[in-house]
Amino acid sequence: MKYSILSKMKLNLKALSAFALITLSSTIALAQDPNALPTEPKPLSIDFWFYTLLLVAAVLVFAVINKTVKALELTHTLNGKEVGNKWNKINGVIFLIFGLGFFSAIFWEFNTHGRQLLPEAASIHGAQTDYLFNITLIFTGAVFVLTHILLFFFAFKYKGSGKRKAFFYSHNDKLEVYWTLIPAIVLAVLVFSGWKTWTNITTPAPQEALQLDVTGKQFAWIVRYPGTDKVLGTKAFKLVNDVNETGVNYNDINAKDDFFTREIYLPVNRPVKFNFGARDVLHSAYLPHFRAQMNCVPGMPTTFWFTPTITTDEMRVKTNDPKFDYLLLCAKICGTAHYNMQVKIVVVDEAAYATWLATQKPYYTEETAKQITEAEVARMKAEEERKLALN
Ligand SMILES: [Cu+2]
């Protein structure tokens, strides 16, 4: 009887190994088909079946190992030997090794990729946002480390042994109150401080804020400054043509001194309000160093304001990078050259800002006025021809 069970198991084991071997060898044969033309790209279906068979083979190998272990255990039991504790010990040690590896990987991740994080926030509200992130990270991080140490260490320390029995502990009302109330209070504090920060950074911009008009298009940003009157001229989509790209209304007196730039200059410690728009598709103005991001939607003006606190020169010293520059990027995949949508931002002191401002010339001149009128005539003509063609 004893021998017949064992021989049956051995037979099963042999059959399973043979099946696994056949599957593996046929998978390899499939992958190295001698009739396949080497120059032809492999169709996706072959890759799919190759990996499916590989998965099946892996499952079978696992099943074979599992069966071998079971068979070994059975042999031991049949021979009157104790088996349970040996595997409990191995599992306990594996848990400990895995736990140590897990924490080493986390440490490595923080140490390696942590260095690639953004530098210190360069705006008032950015510092508040970072503070919020850090508080959340401290709370959740502490819980994460503590629970995982307990998980791996307890699995090792209290692994199954013949010497003790698990203690039956049905419930404890006090303990349940604690582990419900403490997380509830902590989460309430986090949510409340988040809400407070959000209301802080989304209040209307102060009166003295510098106003900027930023329009996204495939694939560039169009930046318009108000001129000496500090008021941006109005705009309308119907006025858009090849020359007047954002449809500025030059009949508006406030628009006459507005100017366009390729780089954004900002005076430090002065609030700046961005009025965002888009000409074609959705874009997203992303200013990572100031911790600001806002969608730019065609036909729907959006806005965001912040106060820069660190000049470009100061940040170059802080980051120890003489080439450091603040950037305005697009954070929506808006087309093929999306990655190219960036504008340099230069934060300077008031004196340097005044000097730069003095060098800027209003866009609207006699010459540009003529070009805009010509472009408008051409646009209307094209529109007329399009209508005729449709009729
Ligand atoms: Cu874009």
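User: How far apart are the end C-alpha atoms of helix 8 in this predicted model?

Analyst: Helix 8 covers residues 366-390, which is 25 residues. At 1.5 Å a residue, helix 8 should span 36 Å. The separation of its end C-alpha atoms agrees with that span: 36 Å.

User: What is the count of buried residues in helix 8?

Analyst: A residue needs 20 or more other C-beta atoms within 10 Å to be buried. Helix 8 is hardly covered. Among its 25 residues, the count of buried ones is zero.

User: Which strands stand at the edges of the sheet with the order 3-2-1-5-8?

Analyst: This sheet is open, has five strands and shows mixed pairing. An edge strand here has a single partner strand, so one of its sides is left without a neighbour in the sheet. That applies to strand 3 (259-261) and strand 8 (302-306).

User: Which residue of strand 3 is the bridge partner of Val-223?

Analyst: Strand 2 (residues 220-225) and strand 3 run antiparallel. Three bridges join them. Within strand 3, the partner of Val-223 is Thr-261.

User: Is Thr-319 buried, exposed or partly exposed?

Analyst: Thr-319 sits in the loop between helix 6 (312-318) and strand 9 (326-330). Buried takes 20 or more other C-beta atoms within 10 Å, and exposed takes 12 or fewer. Thr-319 has 14, so it is partly exposed.

User: Which residues does Thr-319 contact, leaving aside neighbours within four places in sequence?

Analyst: The chain brings a distant stretch of sequence into the picture. Leu-118 is 201 residues away along the chain, yet its C-alpha atom is 9.8 Å from that of Thr-319. The contacts of Thr-319 beyond four places are Pro-119 and Phe-324.

User: Which residues of strand 4 are buried on each face?

Analyst: Strand 4 spans residues 264-267, and both of its faces are covered. One side holds Ile-264 and Leu-266. The other side holds Tyr-265 and Pro-267.

User: Which strands stand at the edges of the sheet with the order 4-10-9-6-7?

Analyst: This is an open sheet of five strands with mixed pairing. Each edge strand has a single partner, so one side of it lacks a neighbour in the sheet. The edges are strand 4 and strand 7 (292-296).

User: Which residue of strand 10 is the bridge partner of Pro-267?

Analyst: Four bridges join strand 4 to strand 10 (residues 342-348), and the two run parallel. Tyr-265 has Val-346 as its bridge partner. For Pro-267, the partner is Val-348.

User: What angle does helix 7 make with strand 4?

Analyst: Helix 7 (residues 350-359) packs on the sheet. Helix 7 touches strand 4 and strand 10. Its direction and that of strand 4 make an angle of about 140°.

How values were computed
Residues numbered from 1 in each chain as written. Predicted model: local features only at pLDDT ≥ 70, side-chain atom pairs only at ≥ 80, totals over all residues. Expected span 1.5 Å × (residues − 1). Pairing = 2+ DSSP bridges. Contact = placed C-beta atoms within 7 Å. Axes fitted to C-alpha atoms, helices over the stretch in contact; angles between N-to-C directions.
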